[in-house]
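Shall we look through this model together? Here it is.

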Amino acid sequence: MYSPSLKERLSALEAERATLAAEIDALGTEAPEMLLPANLPELYRTPPVSAALAK
């Protein structure tokens, strides 16, 4: 159904995926802590500067 070259490429990509997954697992399971600004809700509510200048 698939061409031999496509099967070879798929095999290579699957091997690369397995290698990358192993590297990620070796780094540890803890995700880095995301630091969000304390005023994030206010920043979200504030219109962009370009919209304010357009008035």
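A short conversation about the model follows.

Modeller: A word first: this is a predicted model, in which local features need pLDDT of at least 70, side-chain atom pairs count only at pLDDT 80 or more, and totals for chains, interfaces and linings use all residues. Residues are numbered from 1 along each chain as its sequence is written, and side-chain values use heavy atoms, with hydrogens and water left out.

Biologist: Thanks! Which helix of the protein chain has the lowest mean pLDDT?

Modeller: pLDDT is the predictor's confidence in each residue, from 0 to 100. The chain mean is 84, with 87% of residues at 70 or more. The elements run α-α-α from the N terminus, helices being DSSP runs (H or I, at least four residues) numbered from that end. Among these elements α1 has the highest mean, 94, and the lowest, 62, belongs to helix α3 (residues 49-54).

Biologist: Lovely. Which residue forms a salt bridge with Glu42?

Modeller: A salt bridge is a side-chain nitrogen of Lys or Arg within 4 Å of a carboxyl oxygen of Asp or Glu, and the whole structure has one. Both partners sit in helix α2, three residues apart, about one turn of the helix. With the closest N and O atoms 3.5 Å apart, the partner of Glu42 is Arg45.

Biologist: Is Leu36 buried or exposed?

Modeller: Leu36 lies in the loop between α1 (4-27) and α2 (40-45). Buried means under 20% relative accessible area, exposed over 50%, and partly exposed in between (1.4 Å probe, protein chains only). At a relative accessible area of 60%, Leu36 is exposed.

Methods. Helix = DSSP H or I, 4+ residues; strand = E, 2+ residues; numbered from the N terminus.
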